[in-house]
Amino acid sequence: MLTRILRTLSNPLHSPAPSGEQGWGKWQRTAAVTLLVTAASCSGTKYIPEGTKLYTGSTVKLESAAPIPNESALTTELTSVIAPKPNSSILGLRPKLYFWHLGEGKTKGLGKWIADKYGEKPVLISEVDTQKVKSLMANRLNNNGYFKPVVHSKLKQEEKTASVDYTATVGKPYVIKELHFPERDTLIDRDIRATSSASLLKVGDPYNLQTLINERTRIDGALKNQGYYYFSPDYILFQVDSTLDNQVNVYMKIKGSIPKRAAQPYVLNRISLNTDYSLSDTASAGRPPIMYKGYRYYPDEEVFKAKAITNAVFLYPDSLYRRRRSDQTLSRLMSLGTFKYVDIRYRPARNVPDSAGYGHLNSFVRMTQVPKKSLRAEVLLVSKSNGFVGPGFQLQFRNRSAFRGAEQLLVNVTGSFENQTRSGTNAIGLTSYEVGVDAQLLVPRLITPPFDIRLRNSDFQPRTSFGAGYKYVQRLEAFRQDVFNLNYGYTWKTKITNEQEFRPIDLQYIRLANASNTFQALLDSNQFLANSFRQQFILGSSYRYTYNQQSLEQRRNQLYFSGGIEVSGNAAYLIKNLQGATRNENGSYEVFGQEFSQYTKVDLEFRNYYRISSNSTSGNKIATRVLIGAGLPYQNSSVLPYLKQYGIGGPNSVRAYAARGIGPGTYRPLNTSQERTSFYDQVGDLRFEANAEYRQDLFPYVKGAVFVDAGNIWLVNDDPARPGGKFEPNQFLKQLAVGAGVGIRIDVQFFVIRFDAAMPVRAPYGTPEDKAIRLNIAIGYPF
């Protein structure tokens with residue numbers, strides 16, 4: 001069929017095309033008629049066996065003398081029970097029937113492959129069981145409180161096709177008049193009645209079967225947290241009296257045949273912790289346990305101190321069994337990062353008599369360790385937010401229990417060669433060598449003396465981190481840097497979507513050395529840049545809050561927000577000021593003979609991911625992002641430290657421009673000297689950026705994208721060397737750089753290679769002079 005269309009268009013009516021405008025119009029009409037006639041065959045009806053009709057679908061209509069609450073949702077639910085589903089169609093055409101026809105009667109060959117891959121067998125009206133569908137619809141209506149509905153079906157037939165119209169006539173929905181919880185004077189009935197305030201069933205609400213099912217699940221969860229380990233939702237029975245006028249009385253009862261153990265709560269008797277469990281379980285069998293705070297601890301404390309493990313355990317001897325605490329213990333132990341598997345078993349305690357209606361359970365917490373020490377080497381492609389890319393390596397040593405308290409010690413040795421090509425410029429310092437070493441100690445608790453903060457309601461293990469590092473940076477033709485850092489802070493989560501990080505100490509010192517003559521001349525001629533590089537002693541503290549719904553994979557719309565604030569130098573300035581310390585020739589205070597930076601910096605990031613399909617595995621989505629950043633130097637500083645200033649452009653920003661190739665404001669390098677130093681000039685104190693991207697699954701492990709980026713940076717204070725760079729509230733929207741493009745991503749889950757091609761649409765100063773397409777190769781998604 002498709003071949004025939006192409007052949008017809010290339011040689012209409014097997015005759016030469018008429019000449020002139022009139023002939024061209026006649027050819028167009030002939031081709032259009034031919035195309036429509038051929039496309040009509042794609043409707044699929046010509047492949048239907050004689051004496052049968054193609055089923056083209058059904059409609060559902062609700063009729064009632066009274067208003068129907070949530071009519072659209074109810075219609076959708078009734079539509080969902082209709083079977084079979086008709087063949088898929090596009091504008092009335094069904095090409096899949098043609099593909100199926102290519103393989104009809106064949107066992108192999110191209111036609112068979114096309115049929116299996118792309119074809120659909122015709123769905124005939126004879127396959128539609130209207131009685132079964134009407135019965136299912138009536139059942140769904142009963143479940144929603146529409147008792148005694150009447151459902152009719154009407155067959156509509158055409159020459160080759162047929163469809164079915166369903167009409168459901170309903171009355172008023174039944175509502176709950178009275179709700180009765182179990183009334184016996186037993187322990188379990190009293191505990192169920194105690195949960196009534198949180199009931200999902202409300203007087204006056206419409207009767208709904210799914211709500212009753214959800215109520216059973218709710219009660220089961222509440223009882224599981226009150227010691228009823230052996231209880232099941234199936235033990236709850238609802239009796240509904242529907243003899244009233246559009247009203248029902250609901251009676252909740254416990255079935256009379258449930259096992260005795262399901263009707264009693266349980267107390268934890270003995271709790272055993274095995275930190276070296278294996279299938280043979282030789283550890284617990286070969287050595288007697290250590291008794292620690294009532295726990296039986298196996299096998300000994302050679303690898304993990306008992307205190308470190310019990311801090312992550314929320315099961316306590318002689319306490320009521322609670323499923324919430326059991327789940328929390330599993331999550332906390334796994335988040336230590338030292339165990340491959342963790343499970344908890346419960347068994348009835350022997351020779352412990354029941355008392356006051358309570359039973360007793362023994363708990364066995366079994367943990368399988370990952371190797372305590374590991375060494376990993378990686379060769380990778382370095383991709384930084386400042387636009388530098390290049391090959392690198394990382395060597396990491398990890399000790400998962402450095403001090404027998406599940407503390408993780410990480411020592412990293414890194415090296416990289418980085419380069420950024422700025423087409424058409426001779427900028428200096430774009431080639432860089434880096435070698436660094438850093439160490440980080442992660443302690444699985446909050447060290448906050450004299451307070452003992454455990455976050456008992458969190459499923460996630462809080463951490464205290466200590467870090468230190470050194471990095472040697474050599475930028476060719478520019479300078480050498482020695483970078484030192486020291487930090488101390490806390491990380492904790494209260495929910496799977498929420499994470500907070502607080503660093504009361506975040507110190508950085510960057511020493512500039514071996515500046516080239518060219519770069520030194522640049523510093524001498526640009527006081528703004530000289531101040532940026534001189535003030536490199538940062539006495540910082542920071543806080544960041546992150547809310548991320550991406551872990552909730554079933555949600556079609558996922559939000560992400562990250563907000564952080566960073567301050568530096570305030571305490572030092574206050575102390576120096578109170579001491580009456582002497583200022584240097586720049587009017588600044590010093591610490592250890594070095595000026596320190598004083599500033600406040602705020603960063604906000606908003607993202608939204610909307611999945612087009614209801615299928616949670618689909619990658620078809622619209623992703624958007626907004627970045628807002630502001631850094632304000634004051635008192636001891638007139639400019640932000642260079643490494644804290646904002647740049648924009650590059651593979652993870654406005655992709656149509658090079659990294660740090662935009663702004664600040666409407667500033668742009670106009671001569672050879674400015675172009676040579678543009679990488680250092682095009683930074684600012686304020687940032688605004690917005691991105692929108694449509695992502696589409698193409699083939700297995702291959703995704704496509706269409707995107708638009710916009711953004712710019714600005715200065716807080718005017719800089720004569722960069723005219724147009726200062727932020728003006730009434731002008732900033734007109735100064736946004738805009739780019740658009742397309743991309744291909746190779747996504748194999750754990751690794752993503754991204755290829756983006758983008759073209760400038762608008763420059764901060766107006767129409768871009770260079771509209772060349774920029775190619776970006778990067779690792780991972782841009783956001």
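These questions and answers go through some features of a predicted model.

Student: In what order do the strands of the open sheet of five strands lie?
Tutor: The pairing in this sheet is mixed. Its edge strands are S8 (290-292) and S10 (339-348), each of which pairs on one side only. Reading across from S8, the order is S8-S9-S7-S11-S10.

Student: By how much are neighbouring strands of this sheet turned against each other on average?
Tutor: The sheet in question is the open one with the order S8-S9-S7-S11-S10. The angle between neighbouring strands is taken with direction ignored. The average is 25°.

Student: Which residue in S11 stands opposite Leu273?
Tutor: Strand S7 covers residues 266-274 and strand S11 covers residues 359-369. They pair in the parallel sense, over seven bridges. The residue in S11 that stands opposite Leu273 is Val365.

Student: Which strand gives the most to the nonpolar patch?
Tutor: The patch is on the surface, has an area of about 630 Å², and is made by Leu375, Val379, Phe393, Leu395, Phe397, Val413 and Val437. Strand S12 (373-383) and strand S13 (389-399) each supply at least two of its residues, while Val413 is found in strand S14 (residues 408-419). With three residues, the strand that gives the most is S13.

Student: Where is Lys307 of the positive patch placed?
Tutor: The patch of positive charge lies on the surface and gathers Lys293, Lys305, Lys307, Lys372, Lys373, Arg404 and Arg445. Residues 306-310 form a helix, and Lys307 has its place there. That helix is H10.

Student: What is omega for the cis peptide bond that joins Ala83 and Pro84?
Tutor: Pro84 is found in the loop between helix H3 (71-79) and helix H4 (95-102). A cis peptide bond joins this proline to Ala83. Its omega is about -5°.

Student: Which residue is joined to Pro664 by a cis peptide bond?
Tutor: Pro664 lies in the loop between strand S24 (621-633) and helix H15 (672-676). The cis bond there has an omega of about 0°. The residue joined to Pro664 is Gly663.

Student: What is the phi of Lys148, positive or negative, and about how many degrees?
Tutor: Lys148 has its place in the loop between helix H6 (130-143) and strand S2 (150-157). Lys148 is not a glycine, yet its phi is positive. The value is about 55°.

Note on methods
Residues are numbered from 1 along each chain as its sequence is written. This is a predicted model: local features need pLDDT of at least 70, side-chain atom pairs count only at pLDDT 80 or more; totals for chains, interfaces and linings use all residues. Side-chain values use heavy atoms; hydrogens and water are left out. Patches are made of residues with over 30% relative accessible area and no salt bridge: like charges are joined within 9 Å, nonpolar side chains (Val, Leu, Ile, Met, Phe, Trp, Tyr) within 5 Å. Accessible areas come from the Shrake-Rupley method with a 1.4 Å probe; for residues, only the protein chains shown count as cover. A salt bridge is a side-chain nitrogen of Lys or Arg within 4 Å of a carboxyl oxygen of Asp or Glu. Lys and Arg count as positive and Asp and Glu as negative; His and the chain ends are not counted. The place of a charge is taken as NZ of Lys, CZ of Arg, CG of Asp or CD of Glu. Helices (H or I, at least four residues) and strands (E, at least two) are DSSP runs, numbered from the N terminus. Two strands pair if DSSP finds at least two bridges between them. Axes are lines fitted to C-alpha atoms, for helices over the stretch in contact, and angles run from 0 to 180 degrees between N-to-C directions.
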